Amino acid sequence: MAKPISIEVWNPSGKYRVVSTKSMPGTRWIRLLTDQDCRVEICTEKKTILSVEDILALIGNRCDGVIGQLTEDWGDVLFSALKRAGGSAFSNMAVGYNNVDINAANKYGIAVGNTPGVLTETTAELAASLSLAAARRIVEADQFMRAGLYDGWLPHLFVGNLLKGQTVGVIGAGRIGSAYARMMIEGFKMNLIYYDLYQATRLEKFVTAYGQFLKANGEQPVTWKRAASMEEVLREADVISLHPVLDKTTYHLVNKESLAIMKKEAILVNASRGPVIDEAALVEHLKANPMFRVGLDVFEDEPFMKPGLAEQKNAVVVPHIASASKWTREGMATLAALNVLGKIKGYPIWGDPNRVEPFLDENSPAPTACPSIVNAKQLGI
């Protein structure tokens, strides 16, 4: 028998029971559910990550839908339990769903939601922040100052890298990768080299137009280049930011061999997925190349770092905060709640999951649609 789980309950007499495995930012997501006759139960356990057993206890004997987190293992056990409890919907409060066994969800007829379209600018901003922090050695300098070690200006004290006029490399020029590229190009007048299976036409047009603007104003124009391979980006770029999806082809995309072809003073940024980088190889590369720097928001064995990474002064590491702006996190909670609500109510699927502004406008009623169901076609909805 599963042990009881502490919860906070909203609208106790609601017809539909929706469970959230974590408290989420804002209250609009709660209101959207309770206004549609949902009883909302929010787990208040003091655990960072809930176990499968914890979530089974939350689902209980009757549950219409669950809002979960990317740290949870959603597979056959949980989807079968949700099905037995009468549920039909699960939504990650995340754009990614590597923690979800889609085949198991399909097997039990559970719709799986995610929250794209709301993280683009926020994630790109964090990647840009990591790029600047690594280039100018901001974290090292901050720690030095706090330790009381500063006793006056010195010519060589924390000399870092100038970004203006350098080349930014983007691997994966989708929404987030393109937004990051624009920030670095507009903010620091960097040239662009990118690698993607698909041509980033809008990004190319932007760089061309911005280059023409700079030239017309007497400045050096920026340029762009679409690389024929990822290795070309790694060889030529001064700052490389990773924005691929995580699958079998991108696991350890950056490894000992690919690190070796990068510039000795290059900066590598990862705010996508931890396993894209062979973290053990990265640690060894950082040790051997003190002027090589990284900015990491995600890790291979999250929440843990590989041994030795924390001790490297040429690494800026933050705890998976790419989406951690108030507007974005509240928007993610809203979209996750509306995915579950939409399936419960039998709403259709929204036409473009990357254009979700109508769902986020607090001054207008939310559309009667599911913002994003990743297995809609498999389930025929």
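These notebook entries follow what I looked up in a predicted model, going from its aromatic rings to one buried aspartate.

**Aromatic pairs.** I began with the rings, taking two of them as a pair if their centres lie within 6.5 Å, and by this rule the count comes to seven aromatic pairs. I then looked up Phe79 and Phe90, whose ring centres are 6.0 Å apart with the planes at 80 degrees, so I noted this pair as edge-to-face. Since Phe79 belongs to helix α3 (residues 76-84) and Phe90 to strand β5 (residues 89-92), the pair ties together parts that are 11 residues apart in sequence. Both Phe79 and Phe90 are buried, and together with Trp74 they form one aromatic cluster.

I next turned to Phe144 and Phe158, where the centres are 5.1 Å apart and the planes stand at 75 degrees, so this pair is edge-to-face. I placed Phe144 in helix α6 (residues 138-146) and Phe158 in the loop between α6 and β7 (167-171), so parts 14 residues apart in sequence are tied together by the pair. Phe144 is partly exposed, its relative accessible area being 22%.

**A charge over a ring.** I found Arg182 over the face of Phe206, at 4.0 Å from the ring centre.

**Asp297.** I located Asp297 in the loop between β12 (293-296) and β13 (315-317), and asked which side chain of opposite charge is nearest to Asp297. It is Arg329, at 7.2 Å, and Asp297 is buried yet without a salt bridge. Looking for backbone partners, I noted that a polar atom of the Asp297 side chain lies 2.5 Å from the backbone nitrogen of Ile321, and that this side chain reaches the backbone nitrogen of Ala322 at 3.2 Å. Leaving aside neighbours within four places in sequence, the contacts of Asp297 include Leu126, Leu130, Asn270 and His320.

Note on methods:
Residues numbered from 1 in each chain as written. Predicted model: local features only at pLDDT ≥ 70, side-chain atom pairs only at ≥ 80, totals over all residues. Heavy atoms only, no water. Phe/Tyr/Trp six-rings, centres within 6.5 Å; stacked < 30°, edge-to-face > 60°. Helix = DSSP H or I, 4+ residues; strand = E, 2+ residues; numbered from the N terminus. Buried < 20%, exposed > 50% of the residue type's maximum accessible area, 1.4 Å probe, protein only. Lys NZ or Arg CZ within 6 Å of the ring centre and 35° of its normal. Lys, Arg positive; Asp, Glu negative; His and termini not counted. Salt bridge = Lys/Arg side-chain N within 4 Å of Asp/Glu carboxyl O. Polar contact = N/O pair within 3.5 Å; in protein donor to acceptor, adjacent residues only side chain to side chain. Contact = heavy atoms within 4.5 Å.
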